[in-house]
Amino acid sequence: MSGRLSFPTLGMRLKMLPELLITTHQTLTMVLNWIWIAFFGIAFIACLARSVFASDLEVWTAVMNASFEQAAFAFEISLGLTGVLTLWLGIMKIGEKAGIIEFFSRLISPLFSRLFPGIPKGHPALGAIFMNISANMLGLDNAATPMGLRAMQEMQKLNPEKDTATDAMIMFLVLNASGLCLIPISIMMYRAQGGAANPTDVFIPILLATAIATLVSLTILCFKQHIRIDKVLVSWLLGIAAAVALITWFFASLPPEKVQTFSSFGANFILFSVILLFICAGIRRRINVYDTFIEGAKEGFKTAVTIIPYLVAILVAIGMFRASGALDIFTGGVEMMVAMLGGDTKWVGALPTMLMKPLSGSGSCAMMLDVMKANGPDAFVSRLAACVRGSTDTTFYILAVYFGSVGVFKTRYAAGYALIADIVGAVAAVFISYFFFS
């Protein structure tokens with residue numbers, strides 16, 4: 001026998017790396033539950049400290065007001081999502097009956113049959129997963145969410161334990177949390193509105209950071225789920241890396257003022273083309289396209305109502321945590337420690353965006369805009385905050401909405417591995433930002 005280290009042995013060693021980031025098996029499998037509890041506990045302690053040591057009695061009012069505001073905000077999000085869900089689940093139903101979803105399933109079967117071995121070939125879940133990930137890559141969050149909810153519903157049909165997440169669900173959630181985005185339209189738009197001299201200068205750094213987060217988290221999760229990394233899977237991963245490199249080269253060759261225009265055009269052209277493709281395919285199959293749309297749209301309304309309690313739970317906890325001042329205390333302590341160790345503290349200003357990103361998309365957006373307002377849109381820390389926000393997706397929002405839509409509350413290790421993607425994305429964003437902007 002050869003004296004070389006065998007691949008399975010190497011795989012088993014690499015599989016153990018994520019466990020170093022999770023203190024116990026209990027926090028790994030129930031991390032969302034404990035984090036939710038911790039929000040309230042830490043917020044209470046922070047309020048108590050401010051009352052005792054700073055004689056600040058108004059903080060209790062601020063925290064309770066934040067809870068009411070966030071509860072109302074959660075309902076508003078769900079209400080606003082109702083129309084989008086109704087539209088896209090209707091379109092997805094047309095695609096399903098027209099055979100397009102099945103076609104997509106066969107197209108990506110070589111990759112997804114390896115990443116999702118628990119889903120049969122040709123199952124509608126694979127097509128919905130493909131559509132969801134494609135929409136995310138184009139930065140089309142409103143289109144991605146309904147498709148993702150449809151994917152979860154299809155995977156739930158295969159789930160023998162309806163309250164427990166399957167390996168396929170966890171793989172899907174981590175891919176969403178890593179948030180591979182090829183065209184970060186919204187971030188470039190915010191920078192343009194903020195008066196940045198070159199709003200698109202964060203495009204390539206975001207692309208690199210999100211690609212690193214996705215590839216690293218995907219590889220680690222493959223080891224966790226004992227997915228065999230064969231030539232086909234390696235070829236697909238290298239193909240994704242090559243596509244990212246090609247897009248990076250294309251946009252780097254454009255004049256700065258053309259980047260946002262081409263990005264917006266490309267994303268929306270593809271999206272409209274998909275809608276038209278679904279409708280034309282339905283006509284070819286001789287189905288009643290309008291009635292089919294209405295059938296799927298009804299499912300969108302039911303799904304929007306289902307997720308309200310889960311959104312309220314997450315957003316209220318986040319709002320109270322922020323209003324208590326606990327977040328400010330933490331970032332101030334980190335900056336002091338970094339300075340004492342002789343490190344550069346420029347990146348610490350983006351730490352609130354890093355911490356808020358896994359918790360709340362709107363919260364992290366607010367943090368990013370606040371940094372831009374305080375420091376100017378072209379400051380290093382403002383560009384870093386933009387890169388951090390684009391490096392991954394909103395982990396706990398995704399967990400709450402996607403698992404909540406199908407009634408899964410035993411999430412196993414989903415949150416832990418999704419947070420690994422967040423950590424990798426944030427660290428990559430810091431190093432890449434120093435390389436491009438420092």
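A residue counts as buried when its relative accessible area is under 20%, as exposed when that area is over 50%, and as partly exposed in between. The structure described here is a predicted model.

**Salt bridges**

A search of the whole structure finds 11 salt bridges. Three of them are set out below.

| Salt bridge | Closest N to O distance |
|---|---|
| Asp167 and Arg412 | 2.9 Å |
| Asp201 and Arg191 | 3.1 Å |
| Arg228 and Asp230 | 3.8 Å |

In the bridge between Arg228 and Asp230, Arg228 has a relative accessible area of 64% and is therefore exposed, whereas Asp230, at 14%, is buried. Salt bridges with shared partners also join Arg191, Asp201, Asp378 and Arg383 into one network.

The side chains of Asp201 and Arg191 form a salt bridge. This pair connects the loop between α10 and α11, where Asp201 lies, to helix α10, which holds Arg191; the two are 10 residues apart. Asp201 is buried at 15% relative accessibility, and Arg191 is buried at 0%.

Asp167 pairs with Arg412. Asp167 belongs to helix α9 and Arg412 to the loop between α20 and α21, so the bridge ties together parts 245 residues apart in sequence. Asp167 is partly exposed at 32%, as is Arg412 at 27%.

**Surface patch and pocket**

Phe44, Ile45, Leu48, Val52 and Phe53 make up a nonpolar surface patch with about 580 Å² of accessible area together. Ile45 sits in helix α3 and is exposed, at 56% relative accessibility.

The second largest pocket has a volume of about 660 Å³. Its lining has 25 residues, with Phe330, Leu355, Pro358, Leu359 and Leu419 nearest the centre. Elements giving two or more residues to this lining include α3 and α16. By class, 21 lining residues are nonpolar, two polar and two charged.

How values were computed. Residues numbered from 1 in each chain as written. Predicted model: local features only at pLDDT ≥ 70, side-chain atom pairs only at ≥ 80, totals over all residues. Heavy atoms only, no water. 1 Å grid on protein atoms, 1.4 Å probe; cavity = no way out; pocket = protein on both sides within 12 Å on 5 of 7 lines; lining within 4 Å. Points joined across faces, edges and corners; volume = space filled by probe spheres on them. Helix = DSSP H or I, 4+ residues; strand = E, 2+ residues; numbered from the N terminus. Nonpolar A, V, L, I, M, F, W, Y, C, P; charged D, E, K, R; others polar. Patch = residues over 30% accessible without salt bridge, like charges linked within 9 Å, V, L, I, M, F, W, Y side chains within 5 Å. Areas by Shrake-Rupley, 256 points an atom, 1.4 Å probe, with all protein chains shown as cover. Salt bridge = Lys/Arg side-chain N within 4 Å of Asp/Glu carboxyl O. Buried < 20%, exposed > 50% of the residue type's maximum accessible area, 1.4 Å probe, protein only.
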